[in-house]
Number of protein chains: 2
Amino acid sequence: MDQKTTIYDIAKKLDITAATVSRALNNNPKISEATRKLVLETAAKMNYKQNRLAQSLRSGKSNNVGVIVPRIDVNFFSSVIRGIEEELHPEGYHVIICQTHEDEKREIENITTLMNAQVDGILMSISNMSKENDPVIKHVVDKNVPLIFFDRKKKMDGVSSVTIDDFEGGYLATKNLIDAGCTRIAHFSGDRSLEIYENRFKGYEQALKDFGLEWNPDYVIQTKSNVDAGRNAVTKLLSLPNPPNAIFSSSDFAALGAIQELKENGIKIPEDFCVFGFGNEPFTRFLELSISSVDQSPLEMGRMAAKVFLEQISNTDNIKIEKKVVLKPELQIRKSSTR
Amino acid sequence: MDQKTTIYDIAKKLDITAATVSRALNNNPKISEATRKLVLETAAKMNYKQNRLAQSLRSGKSNNVGVIVPRIDVNFFSSVIRGIEEELHPEGYHVIICQTHEDEKREIENITTLMNAQVDGILMSISNMSKENDPVIKHVVDKNVPLIFFDRKKKMDGVSSVTIDDFEGGYLATKNLIDAGCTRIAHFSGDRSLEIYENRFKGYEQALKDFGLEWNPDYVIQTKSNVDAGRNAVTKLLSLPNPPNAIFSSSDFAALGAIQELKENGIKIPEDFCVFGFGNEPFTRFLELSISSVDQSPLEMGRMAAKVFLEQISNTDNIKIEKKVVLKPELQIRKSSTR
DNA sequence: CTGTTAGCGCTTTCAC
DNA sequence: GTGAAAGCGCTAACAG
């Protein structure tokens, strides 16, 4: 039987009106205990299922939130999503997943279709800093749909964000290398037009300055977040007249590549060379030469982003809240930087 | 401006009827080019956005599918989801994520709320074999909502599934160990009430039989899928009067734990002991002693599951299709089993 | 080719 | 406490 039972069906059976049924189902206070009980019972008996679509259309609330990430099969993002889902599930929200593959066209498209689907909020990590998506983001804000950036954000009025303190992460990681006795510290930066990478770089720079280490532009290399990029960058570094003896990498994957290449060049880690990563990817602690890394507490970040959304959605005043949450990064110090 | 423009607004402005606007917007063939163009233009000018909720209520199609997994922050599952999303996105579907944490209560609850949300289909990997969820699954099938199991499935009428050939995976992995010269091969099985683990076990058993190796019940240990479980299981194995010299583990994590424990006991891998994992988790290839593993092609599995859904949804006849797709497992042979 | 009408399933005033 | 009626935004059948 493909038939749906509606509140009308149960109203008819009980010879009352659909409105009453609706009220009973929604625990409306002004309804007699007797009818409520009766309605609930027959609803169960008739296997009645609420149609949330109709409810949503009526109320203007879909009880869905959209989450937009570059790709879902990256541990950091899937962990954030897990945090979001766990926080929002008890509140009756469903999480809709969208991937951008770092493509702003798809980012824009995703935002648009989510808006068309009447999501109650959008949580996203932006792909890059192109201005192209500004209008559509502005549109979301204008429509009073809560928008929360996590990790990779953009400065925009009316948009809240949850990030970690990347500057401090970079600073502390670099300081750890300095404490380990490293004197010539290189840095693998990501795309520095993104705040997160720029801030990690700045933290690195500040630590060098604070501890009186020389700042060498040749030591800063922009890499992608993958193993090969790390290997190539190391090759470049080793060809310098005065090669470094440590790397703070903005990416765990690049850090791994660096370690592989260093080993192949007969360089001993951590004795002769230390490496610090960023992201605390699961593999960093599984390696025999475990990699020190900055943890971004993605689960917490997801939970927090969800909480900010819930706050925003329950804000009945017409005031726009713009909340900036900054989580503390936590160092995971492992073998690659311990001596 | 929080105002939504509806087709009525644009109808009024153009002094035509909403139905015409709707038709123009939906590229209905019987509409004049002139009006279509006019409508499209003013729609754009008025910043009209389609309300998919209303459309859905009307059509009975939400354009959402639900995906239920134990947890999303496991590489296998997030990769499957990526595959699903990538296949379904071009078709205009959104993917709603639900996690069960291996808890059948939550599994049932998730199915129910997804049904209430009028999803057009459900793709899921079941948590365990308890019969508790049978009625609600049956309900999905009865309502003619396509249901597709991936990886962890249950035998149920009217439900399609996409899995890999776990038997063959187990068989080939074991054969690889035998080919490497291992003679006493142990097996870490998961919860064998789940088909996937039972089949991996059977493949292992068959390979032993086919190649004339002794079958020893003490060599088969049920482990959870984590590092510590693997360590403990090895401890047990090493205390046997005649310990094994190889392990085929149904879990990469347990395989890793096994390797760690073996090393600490001074056992050389792969020289004295070989290990084969299952799942091809990213870390298996990053380790210096890389771990051989059976790849489950999760991306492909997700794509396939999505395709089966699309097939099912476009099936206008009232015939129930039940499609069973079985993907070939692929061995990734690495250092831990090569000598 | 376009207008009229009805209705998807639900909630929410406004009466009584 | 309950009923009547309207409407969320859209589409499809039926006319013309």
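A salt bridge is a side-chain nitrogen of Lys or Arg within 4 Å of a carboxyl oxygen of Asp or Glu. Going by that rule, chain A and chain B share four salt bridges. The model is a predicted one, and everything below describes that prediction.

Let's start with the two chains. One of the salt bridges links A:Asp73 to B:Arg82, with 3.1 Å separating the closest N and O atoms. Polar contacts also turn up across the interface of chain A and chain B, where 16 residue pairs qualify, both partners having pLDDT of 80 or more. Looking at chain A's side of the contact, the elements that supply two or more residues are H4, helix H5 (75-88), strand S2 (94-99), helix H6 (104-116), helix H7 (134-142), helix H11 (252-264) and helix H12 (282-286). Out of these, H5(A) chips in the largest share, namely seven residues. As for chemistry, this side of chain A is a mix of 19 nonpolar, 21 polar and 15 charged residues.

How big is the meeting of the two chains? The size of an interface is often given as the accessible area lost when the parts come together. For chain A and chain B, that buried area is about 4,900 Å², with 54% of it on carbon and sulfur atoms. In terms of residues, 55 from chain A and 55 from chain B take part in the contact.

The chains also pair up through their strands. S2(A) and strand S2 (residues 94-99) of chain B run antiparallel and are joined by three bridges. Within that pairing, A:Ile96 has B:Ile96 as its bridge partner.

Now for the DNA. Strand D has 24 residues around it, and the ones that come nearest are A:Thr20, A:Arg58, B:Ser22, B:Tyr48 and B:Arg58. Sorted by type, the residues of this surface are nine nonpolar, 10 polar and five charged. On the DNA side, sugar or phosphate accounts for 58% of the strand D atoms within 4 Å of the protein, while the rest belong to bases.

Some of the contacts go to the bases themselves. The side chain of A:Arg23 places an N or O atom 2.8 Å from a base nitrogen of DNA strand D. For A:Arg58, a polar side-chain atom sits 3.2 Å from a base nitrogen of the strand. B:Ala54 uses its backbone instead, with an N or O atom 3.4 Å from a base nitrogen of strand D. Two or more residues of the surface near strand D come from each of helix H2 (18-25) and helix H4 (52-59) of chain A, and from each of helix H1 (7-14), helix H2 (18-25) and helix H4 (52-59) of chain B.

Note on methods:
Residues are numbered from 1 along each chain as its sequence is written. Chains are lettered from A and ligands numbered from 1 in the order in which they are written. This is a predicted model: local features need pLDDT of at least 70, side-chain atom pairs count only at pLDDT 80 or more; totals for chains, interfaces and linings use all residues. Side-chain values use heavy atoms; hydrogens and water are left out. A residue is near a molecule or strand if one of its heavy atoms lies within 4 Å of it. A polar contact is a pair of N or O atoms within 3.5 Å; within protein, one must be able to donate a hydrogen and the other to accept it, and residues adjacent in sequence count only if both atoms are side-chain atoms. Helices (H or I, at least four residues) and strands (E, at least two) are DSSP runs, numbered from the N terminus. Ala, Val, Leu, Ile, Met, Phe, Trp, Tyr, Cys and Pro count as nonpolar, Asp, Glu, Lys and Arg as charged, and the others, Gly among them, as polar. Contact means heavy atoms within 4.5 Å. Buried area is the accessible area (1.4 Å probe) that two parts lose on being put together, summed over both. Two strands pair if DSSP finds at least two bridges between them.
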